[in-house]
Each structure stands twice: as C-alpha cells, then as structure tokens.
Amino acid sequence: MTAVVETKGLGKRYGRRWALSDCTLSIPPGRVVGLVGPNGAGKTTLLNLAIGLLAPTSGVIEVLGGHPADGPSQLARVGFVAQETPTYSGLSVTDHLQMGAWLNPGWDNGLAIGRIQHLKLDPKQKAGKLSGGQRAQLALTLALAKRPELLILDEPVAGLDPLARREFLQVLMEAVAEHGVSVILSSHLVADLERVCDYLVVLVASRIQVAGEIESLLAGHRRLTGPRRDPSRLPANYRVIEASHTDRQSSLIVATDERVHDPVWTVEQIGLEDLVLAYMSRGVEVEKRQPAHVEVRP
Ligand code: ATP
C-alpha cells in the first residue's frame, strides 16, 4: 500500500537555520495522524512541504505516491486547512461554496450545504464577519467537500470552543469512517489527539523524535519507579526516554519490547500524554546539548 506521506532525509532551511532536519517518515494510509511538538518545532514547515507550498532544501517527499502540488490532479487529492484558516473576508459563505465547486472536480455540494446548515452558518454572511471558530468550520467544510484522499490540518481546533472542538473532531472521524480519508493534524491539545488519532509523530527542534502507531508505541513504553539508579547502568534493551530522580527514588520512562523482570521496579503502563511529554522533553534536552541546527559557513 502506498504511504500517504513518505519522506527520506527531508530538510528545510531558512537562511542558516534548519526548520526541519533529516526527516524520514512513512505514514501508512487510513490513519489519523497527530503531529505534536513545541512552538517552532517545524510542524507547519513539514505540513507545508507536504502540500507543496514549500520546496525541500534536502531530501525527498512523496504524498500519495506523487510529488506535492504536482498539477491539478495531485492538488485535488489533498485537502488542506492552514493554521490561520484563511477565507476571503469579502466573500459570503455561499460564495466560498461556489468557488469550491468551480475549483474542485470532485466537489460534493450536498456535503458542503449539509454541513453549513448543520453548523447554522448564515449562507449570506461575509467570511470577514464570522467568528474565528466559524471561519475554521467553513475552511474545514471546503476541505472536506473537495473529497480529498488526504486531509492536512494545521492546528485546526486551536480557535474553537470545547463543544465546537468536539463537533469538529467528530466530523473528522465520520469522514475517516465513511470515505476512508487519511488525516494529518497538528495540535498542542494531547487530549484531543488521544480521542481521534491512531498514529503519532513527535517533532522537536526540527527533528522527528518518535513516529508510529499509538497502540504499539504505548505497548512499547513503561514507567519504572524504584530505588535511585543511574539510568546508564540499566540493561541495554531499555532505552531511557525520560528520567527524574529524588534523593532516594528514580522514575524512568523507558522504551522496551521486553517484560521488565527486575523486582526492584514498580512497572506501569503510560498514557499518550506521558509519552508525548517524555519525547518532547528528551528532544529539548538534546537541543540544549547540541544547540540549534544552524549551519556555520566559512
Ligand atoms: P508553532 O507550533 O508555533 O506553529 P511549528 O512547529 O509549526 O510552530 P514552524 O512554523 O514550522 O514551527 O517553524 C519552524 C522554525 O522555522 C522556527 O524556528 C521558525 O522561526 C522558522 N521559520 C518558519 N517559517 C519561516 C520563514 N518563512 N522564514 C524564516 N524562518 C522561518
């Protein structure tokens, strides 16, 4: 099966600073992918490379087996909602739908109108007079009605109230179930990702820290608590992702495929938030040791 996004050694540099470095990923189809990382990690850069708004400085990226933004047919296969959910402020909701129908060969007008009615948006209202959340809903409607194979959403729920967020994510899940659309969404809201995503990518300081099916990632990590230990003396098959210590106790998050037999450890499963935070703080530590990927030219 063709990966929805496949990258090899992908990198993007602005001036001397790498916004994305050495990114190698293969995201299988039919997943709802959560892309997380701190501000400035490179999430928008990666998503913009996937839709062809940016060109790579190094490496390669394929989307649905083709080159991003390689002509109208490739563009029709990918729906995109940018972080600031851009709409045309002088155009009405209906104008947006008409433009969507005109620009997209696979436009599903029934879906678009049904969603606008469900959201109780006034079709005559100018987009500039909608609230931020309503504009986000309009932008999602346009992206969904295009009937894409892949939907890319850059922090789509940031401006939505909790109820609207739940509705938005529900619509996404329905689109996945009904039309088999693959979704990649970036967000800082791990609780939301936990509800809808089955695949995780953590990006910190321009580098991928971990990527994979959430179920297997959770099954492959444990929290170990026990008497204080030097993490470097643990067995080789324990990869320590995060370690914190008091005078007498150590608490570690480790990646391991094996059962932990050593009785000194209390072993617990971890949740998605623990996993994300562990990889995020690990990435920040690595960044402190090897500061910013800034290219120094002679
Ligand atoms: P956020 O969560 O805040 O949206 P992000 O993970 O999406 O952040 P990016 O927007 O991809 O991060 O930015 C990654 C890095 O690239 C940052 O250091 C940012 O300052 C830099 N950057 C992004 N766009 C540009 C640009 N057009 N010119 C120069 N530097 C840029």
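The dialogue below works through the ligand site, the pockets, the cavity and two hairpins of a predicted model.

Me: Where should I begin with the ligand, and which residues are the closest to it?

Reply: One begins with the shell of residues around the ligand, taken here as those with a heavy atom within 4 Å. In this model 13 residues surround the ligand, and the closest are Asn39, Gly40, Lys43, Thr44 and Thr45. Helix 1, residues 43-50, supplies the largest share of that shell, with 3 residues.

Me: What is the division of the shell into nonpolar, polar and charged residues?

Reply: The shell around the ligand holds 4 nonpolar, 7 polar and 2 charged residues.

Me: Which atoms of Ala41, Gly42 and Thr44 lie by the oxygen atoms of the ligand?

Reply: For a polar contact one looks for a pair of N or O atoms within 3.5 Å. Ala41 places a backbone N or O atom 3.0 Å from a ligand oxygen atom, and Gly42 has a backbone N or O atom 2.9 Å from an oxygen atom of the ligand. Thr44 uses its side chain instead: an N or O atom there is 2.7 Å from a ligand oxygen atom. The ligand taken alone exposes 640 Å², and the protein buries 60% of that area.

Me: How should I read the largest pocket, and which residues lie nearest its centre?

Reply: A pocket is an open space, and one may read it through its volume and its lining. The volume of the largest pocket is about 800 Å³. Its lining comprises 28 residues, with Phe80, Leu103, Asn104, Leu142 and Lys146 nearest the centre. Two or more lining residues come from each of helix 2 (72-77), strand 5 (78-81), helix 3 (93-103) and helix 5 (132-145). By class, the lining of the largest pocket has 21 nonpolar, 6 polar and 1 charged residues.

Me: Which element gives the most to the lining of the second largest pocket?

Reply: The same reading begins with the space, which is about 280 Å³ in the second largest pocket. This pocket is lined by 15 residues, and the closest to its centre are Leu111, Leu144, Val171, Glu174 and Ala175. Helix 4 (109-118) and helix 6 (162-179) are the elements that give two or more residues to the lining. Of the elements, helix 6 gives the most, with 7 residues. The lining of the second largest pocket divides into 6 nonpolar, 4 polar and 5 charged residues.

Me: How many cavities of 30 Å³ or more are there, and which residues line the largest cavity?

Reply: A cavity is a space where a 1.4 Å probe fits but cannot get out. The count is 1 cavity of 30 Å³ or more, and the largest cavity has a volume of about 80 Å³. The residues that line the largest cavity are Val5, Leu25, Ile27, Val33, Leu35, Leu46, Leu47, Ala50, Ile152, Ile184 and Val201. Strand 2 (17-27), strand 3 (32-36) and helix 1 each give two or more residues to this lining. Helix 1 gives the most, with 3 residues. The lining of the largest cavity has 11 nonpolar residues, with no polar and no charged ones.

Me: Which residue is the bridge partner of Val5 in strand 2?

Reply: In a regular strand, side chains alternate between the two faces of the sheet. Strand 1 (residues 5-14) pairs with strand 2 in the antiparallel sense over 7 bridges. The partner of Val5 in strand 2 is Ile27. Both Val5 and Ile27 are also among the residues that line the largest cavity. The hairpin of these strands has 2 residues between them, and Gly15 takes a positive phi near 60 degrees.

Me: How do strand 8 and strand 9 run, and which residue of their hairpin takes a positive phi?

Reply: Strand 8 (residues 199-204) and strand 9 (residues 207-213) run antiparallel and are joined by 6 bridges. Val204 has Arg207 in strand 9 as its bridge partner. With 2 residues between the strands, this hairpin includes Ala205, which takes a positive phi near 50 degrees.

Technical notes: Residues numbered from 1 in each chain as written. Predicted model: local features only at pLDDT ≥ 70, side-chain atom pairs only at ≥ 80, totals over all residues. Heavy atoms only, no water. Polar contact = N/O pair within 3.5 Å; in protein donor to acceptor, adjacent residues only side chain to side chain. Areas by Shrake-Rupley, 256 points an atom, 1.4 Å probe, with all protein chains shown as cover. Helix = DSSP H or I, 4+ residues; strand = E, 2+ residues; numbered from the N terminus. Nonpolar A, V, L, I, M, F, W, Y, C, P; charged D, E, K, R; others polar. 1 Å grid on protein atoms, 1.4 Å probe; cavity = no way out; pocket = protein on both sides within 12 Å on 5 of 7 lines; lining within 4 Å. Points joined across faces, edges and corners; volume = space filled by probe spheres on them. Pairing = 2+ DSSP bridges.
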